Amino acid sequence: MSRLYWPQSTSPRRTWDADAPLTFHTLLPISSAPEPQKPCFAYITNKIAETEFGDLEVVRATLQFGLDCYEEPTSQLSVSGTKGKVVCKVAHDELMLHELKEEANLYAGLLAPLQGTVVPKCYGYFVGHSRDGVIGVLVTEDCGSPPWSELKGCPKDFKLAALEALVHLHRVGVKHGDFMRRNIVTRGKHDVKSLRLLNFQHAREHKCRCAAKPIDMTKAPSWGDIPCGELYEAFMKVKPWL
Ligand SMILES: [Zn+2]
């Protein structure tokens with residue numbers, strides 16, 4: 001996207017204001033996926049989460065290319081399974097802007113080979129001025145929702161897939177930093193093929209001691225089997241051998 005037109009209000013549109021024209025901020029890419037280089041309008045469908053102080057919001061949105069902001073959204077983005085639907089993280093203060101930029105850099109760097117298989121595709125990070133100051137928006141593929149139950153209560157193949165995804169992350173040199181149910185999503189209930197890890201706000205570059213080591217997921221490990229703090233903790237929490 002060459003630029004992102006972001007609505008001035010992130011509240012979803014209600015039925016009685018559907019006829020009122022939307023007004024947009026213009027955000028420019030700090031990091032962007034190479035294709036397509038067109039301006040894009042974001043139409044917010046719902047808010048997923050918000051921090052207590054409102055400095056970071058997560059919203060679902062539909063993207064629409066073109067210039068006419070009053071047409072119904074019919075995005076031409078080719079996003080498998082969820083045509084044009086994206087999840088956006090919106091930063092409203094300096095610290096969150098910095099964290100989103102770091103997250104965007106990870107997507108563009110170490111996570112690039114895992115986009116679309118282990119982590120969502122990233123469509124870029126955009127920054128611009130709003131009425132309340134600078135805002136930053138990180139745009140990623142909408143890969144669904146977290147499972148309803150805690151990981152240890154999920155089916156065995158789902159637990160294995162979640163841990164395999166985390167191992168992939170470590171093998172490309174990234175520690176997730178927040179491996180929790182809320183950061184593991186799928187498009188269907190416990191659908192293993194669509195499972196993705198997301199939210200790399202706390203992720204760090206990491207030299208994993210398990211990088212070249214096969215991990216036996218069929219039995220409870222000892223520390224010597226998985227000598228990496230995050231992987232060992234994740235295995236002990238999820239217990240894929242049960
Ligand atoms: Zn590791």
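This briefing walks through the fold, two of the helices and the main core of the chain above. Please keep in mind that the structure is a predicted model. The chain holds three helices and 11 strands, and 36% of its 242 residues count as buried. The largest nonpolar core has 60 residues.

**Overall fold**

- Following the sequence, you will meet the elements in the pattern β-β-β-β-β-α-β-β-α-β-β-β-β-α.
- Among contacts in the chain with a separation of 6 or more, 66% are between residues 24 or more positions apart.

**Helix α1**

- Helix α1 covers residues 94–108, which makes 15 residues.
- From its first C-alpha to its last, α1 reaches 21 Å, close to the 21 Å expected at 1.5 Å a residue.
- Which residues of α1 are buried? They are M96, L97, L100, E103, A104 and Y107.
- Looking down the axis of α1, you would find these buried residues within an arc of 125°, so they line one face of the helix.
- E94, L95 and H98 sit on the other side of α1, where they are exposed.

**Helix α3**

- Helix α3 runs over residues 229–238, and its buried residues are E230, L231, A234, F235 and V238.
- Seen down the axis of α3, the buried set falls within an arc of 130°, so here too the buried residues line one face of the helix.
- What covers the buried residues of α3? The cover includes helix α2 (156–171) and strand β8 (174–175).
- Just after α3 comes K239, and the phi of K239 is positive, near 50°.

**The largest nonpolar core**

- Within this core of 60 residues, the ones with the most contacts inside it are L4, A42, C88, V137, A162 and L166.
- Helix α2 gives the largest share of the core, namely eight residues.
- Why does the core lie between domain 1 and domain 2? Both domain 1 (3–141) and domain 2 (151–238) give residues to the core, so the core lies between them.

**A closer look at L166**

- L166 is one of the core residues with the most contacts inside the core.
- Setting aside neighbours within four places in sequence, L166 is in contact with H176, F179, L197, L231 and A234.
- Two of these partners, L231 and A234, may look familiar: both are among the buried residues of helix α3.

Note on methods. Residues numbered from 1 in each chain as written. Predicted model: local features only at pLDDT ≥ 70, side-chain atom pairs only at ≥ 80, totals over all residues. Helix = DSSP H or I, 4+ residues; strand = E, 2+ residues; numbered from the N terminus. Expected span 1.5 Å × (residues − 1). Buried ≥ 20, exposed ≤ 12 C-beta atoms within 10 Å, placed from the backbone. Arc of directions from axis to C-beta. Contact = placed C-beta atoms within 7 Å. Core = buried A, V, L, I, M, F, W, Y, C linked by C-beta atoms within 7 Å. Domains from an automatic or database assignment.
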